[in-house]
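Me: I've got this model open and I'd like a close look at just one part of it. Pick a helix together with the loop leading into it, and walk me through what sits around them.

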Amino acid sequence: MPGALNFAPSCWHAQTRTSYTPRLRYPIPMPSRHHTFLLLAALSATLTLSAADKYAVDWTRQEPEIFEHYASLIRMDTSSPPGNETKAAEYLKGVLEKEGIPAQVYELEPGRGNVVARLKGNGSKKPILLMGHLDVVGVQREKWTVDPFSAIRKDGFIWGRGSIDDKDKVTSALTVMLLLKRMNVPLDRDVIFLGEAGEEGDSRVGIGFMVDKHWPEIEAEYAITEGGTTGARDGKVRYVQIGTTEKVPRGVRLVAHGPSGHASRPRPDNPVLHLAMAVGAVASNQPPMHLNDTTRTYFERLATISTPEEADRYNHVTDPARSPAILAYLAEHEPIHSSMLRTSIAPTILKAGFRTNVVPSEAEATLDIRALPDEDMPKFYDYMKKLINDPQVEIVPNGRGGREPGKPSRFDTDLFHSFEAAQRTMFPGAITLPTMGVGATDNSQLRAKGVQAYGFGPIIDEKDAQGGGAHADDEHLRETSLYKEVEFLWRSVFPVVASK
Ligand SMILES: [Zn+2]
C-alpha cells in the first residue's frame, strides 16, 4: 500500500515549489517547462548511465581481493579491551599507501590506532566519510566450534569474531577507496576512510578522540558505517535497513538503604527487599510508547512487505483499542520492535549482601536504559521514581557513556536516495527501511556534530539468523553476503561522489 505512506521529504518539496512559483516574472507555459524538464531528465539519465558504464565493476573479479583483506582483518585479534587496533590500522595504511592513497594512524593511547585516508575531490561538494571499527568484542574460546580468529570458510560462510561486527564494513569501505582510486574516478567531493578504535566499549580512544582532537581530518557532510541489516527470507532480500538514528545508552543504579542487622530478626526496611520491589516495579511496567519520524516510517513501510497478520499489528500499534495487546505480543515475540517503540529498561546486575545471616545496609541494582533519542531524561527519572514510590531507594544516573544524542539523519538527502536506488537495482521488489538502532554506534558522535550519518549492513537470511550473529559465539557471515555488501556500498556511494 504505497499510497498509505506519508513521506515528509516530498511534502517539503511540494511546499517549496508552491512558495517560489509566484515569484516568476515571466511564467513559462506549463507544457514547455514540463518538456524541458523531461529533456533534462533524459539527458541526465544518459550521463548517469554512461558514467556507470564507464566505471562498471566486475564483482566476480573483485572477490578474491575482498576476501583477502576481510580474512586478514579477522585474523588480527583486536578484542577490546585491550583492542590493539594499531596492527589493523597499520595493515590498512599499508594497503592504501601501496595504491598511492596517503594514510595516517592516530593514537590517543599506545596500541589503540585509528587510521584515516583521503581521496581528494574537486571540492564542489563536502566530503563523505566511510567508516568501520577495527576492534571486536572478546570471545569465550571454549564456546566456539572454530578458531574465532581463523576466518575459516565452512558451509558457505566465513567464520570469525568481527565477521559481522565490523570487519565487513571496514572491508567494504576499503574496497570502495581502492576502486575509486584505481579507476581514477573524478570526484566532486573528498572521500575519507576511517577505521576507528574502541567502538566496543571505549569510544573515547576512537570516534571520541577523532571528533575532539582531529575533527578537520574527518569532517564530512555524510557518513556511512554499521547500523542496519539487509533482511532476507528464503534467499530473497525483503528490506534494506538504513540506520538514520539510534537509542542512547543511559546506565542507572538503584541503591536501597536501610539499617544492617541480624538476619534472625528481619525488619520491613531490609534494603534487599526494597531493592527487589523497586526492580520489579520498573522492569515489569513497560515505559510509555513514543514514535518518531524514523520509527513511524519504518513500521508503515515494513507493513507493506509483511504477512497480513504482521501488517495488521504494525498498522495498529498506536490504535488505543488495539495497542495493549499488540505491545504485549511484540514484547514477547519481536523484542527489537518492542524496544524501538519506547525507552527501555533492563535490569542487568544485582549486588547485595555478603553473609547468610547479615542484613546489609545497602543493596544495588544496575539497569541498562536505552533512551529514545528525544527522551527527556529528568522527566523519565521522575516517572521511575513514581513507579518505585519508595524513599529508601535512590536513582543514581551513570552518565551517557560518551554517546551524545544528535538529530536523526534525514531521508531526503542525495545519499539516502542513492541507498534507495542501489536497493532497487540490486534487490528489486524489496524496500528501503529507515531504521532506529536499539544499540549504539559511532554514528551517534557524528550526528551530534551535524553529520548526516547512516548505517547499513550485510544480508542476513532469517534461516541463518539463529545464533552466530554480532557479539555471539561462532559469529559468521555468508560469503556471498560479504560481496553484496561491498557492492551495495559502492552503488550507494558512487553516484554522490563521482563528477557528472
Ligand atoms: Zn559494531
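**A close look at helix α5 and its surroundings**

Reply: Let's start with Lys-167, which has a relative accessibility of 1% and so counts as buried, since the cut-off for that label is under 20%. Keep in mind that the model is a predicted one. Lys-167 belongs to helix α5, which runs over residues 167–182.

What does Lys-167 touch, leaving out residues up to four places away in sequence? The list is Tyr-70, Leu-73, Ile-74, Met-76, Thr-78, Leu-134, Val-136 and Gly-162. You can see the chain folding back on itself here: Ala-71 is 96 residues from Lys-167 in sequence, yet their C-alpha atoms are 8.8 Å apart in space. That fits the chain overall, where 79% of the contacts with a separation of 6 or more come from residues 24 or more positions apart.

Move along the helix to Thr-171, also in α5. Its relative accessible area is 1%, so Thr-171 is buried too. Apart from neighbours within four places, Thr-171 contacts Ile-66, His-69, Tyr-70 and Leu-73. Notice that Tyr-70 and Leu-73 turn up in the lists of both Lys-167 and Thr-171. Helix α3 covers residues 59–75, so you can use the cited numbers to find that stretch on screen while remembering that Lys-167 also has Ile-74 on its list.

Just beyond that helix comes a loop between α3 and α4 (86–98), and Pro-81 is in it. The peptide bond from Ser-80 to Pro-81 is cis, with an omega near -5°.

Now step back to the loop leading into α5. Asp-166 sits in this loop, between β5 and α5, and a cis peptide bond joins Asp-165 to Asp-166, with omega about 20°. So the part you asked about has a cis bond of its own, and this one has no proline in the pair: both partners are Asp.

Asp-165 has another role to look at: its OD atom is one of the protein donors of the zinc ion. The others are NE2 of His-133 and two OE atoms of Glu-226, and the donors lie 1.8 to 2.7 Å from the ion. Along the chain, these donors are spaced as H-x31-D-x60-E. His-133 and Asp-165 come from distant parts of the chain, 32 residues apart: His-133 is in strand β3 (residues 128–133), while Asp-165 is in the loop between β5 (157–159) and α5.

Why is Asp-165 called buried? Because its relative accessible area is 8%, which is under the 20% cut-off. His-133 is at 0%, so it counts as buried as well.

What do the angles say about the zinc site? The four donor atoms make angles of 52 to 146°, and the site is irregular. A tetrahedral label would need every angle between 85 and 135 degrees, so this range doesn't qualify.

Next, look at the nonpolar packing. The largest nonpolar core has 69 residues, and the members touching the most others are Ile-128, Leu-180 and Phe-193. Helix α16 (residues 479–497) is the top contributor to this core, giving ten residues. Leu-180 falls within the 167–182 range of α5, so here's where our helix joins the core, going by those same residue numbers.

Phe-193 ties in nicely. Among the residues Phe-193 touches, beyond those up to four places away, are Val-170, Ala-173, Leu-174 and Met-177. Other contacts of Phe-193 include Leu-92, Leu-96, Val-115 and Leu-130.

Finally, follow the chain out of the far end of α5. Asn-184 is in the loop between α5 and β6 (191–196). Its phi is near 55°, a positive value in a residue that isn't glycine. Is Asn-184 buried or exposed? With a relative accessible area of 62%, it's exposed, the cut-off for that being over 50%.

To put it together: Lys-167 and Thr-171 are buried in the helix, Asp-165 in the loop before α5 binds zinc as a donor, and Asn-184 in the loop after α5 is exposed.

Note on methods:
Residues numbered from 1 in each chain as written. Predicted model: local features only at pLDDT ≥ 70, side-chain atom pairs only at ≥ 80, totals over all residues. Heavy atoms only, no water. Contact = heavy atoms within 4.5 Å. Donors = N, O, S within 2.8 Å, 3.2 Å for Na, K, Ca; no water. Tetrahedral: all angles 85-135°; square planar, octahedral: opposite > 155°, others 65-115°. Helix = DSSP H or I, 4+ residues; strand = E, 2+ residues; numbered from the N terminus. Buried < 20%, exposed > 50% of the residue type's maximum accessible area, 1.4 Å probe, protein only. Core = buried A, V, L, I, M, F, W, Y, C linked by side-chain atoms within 4.5 Å.
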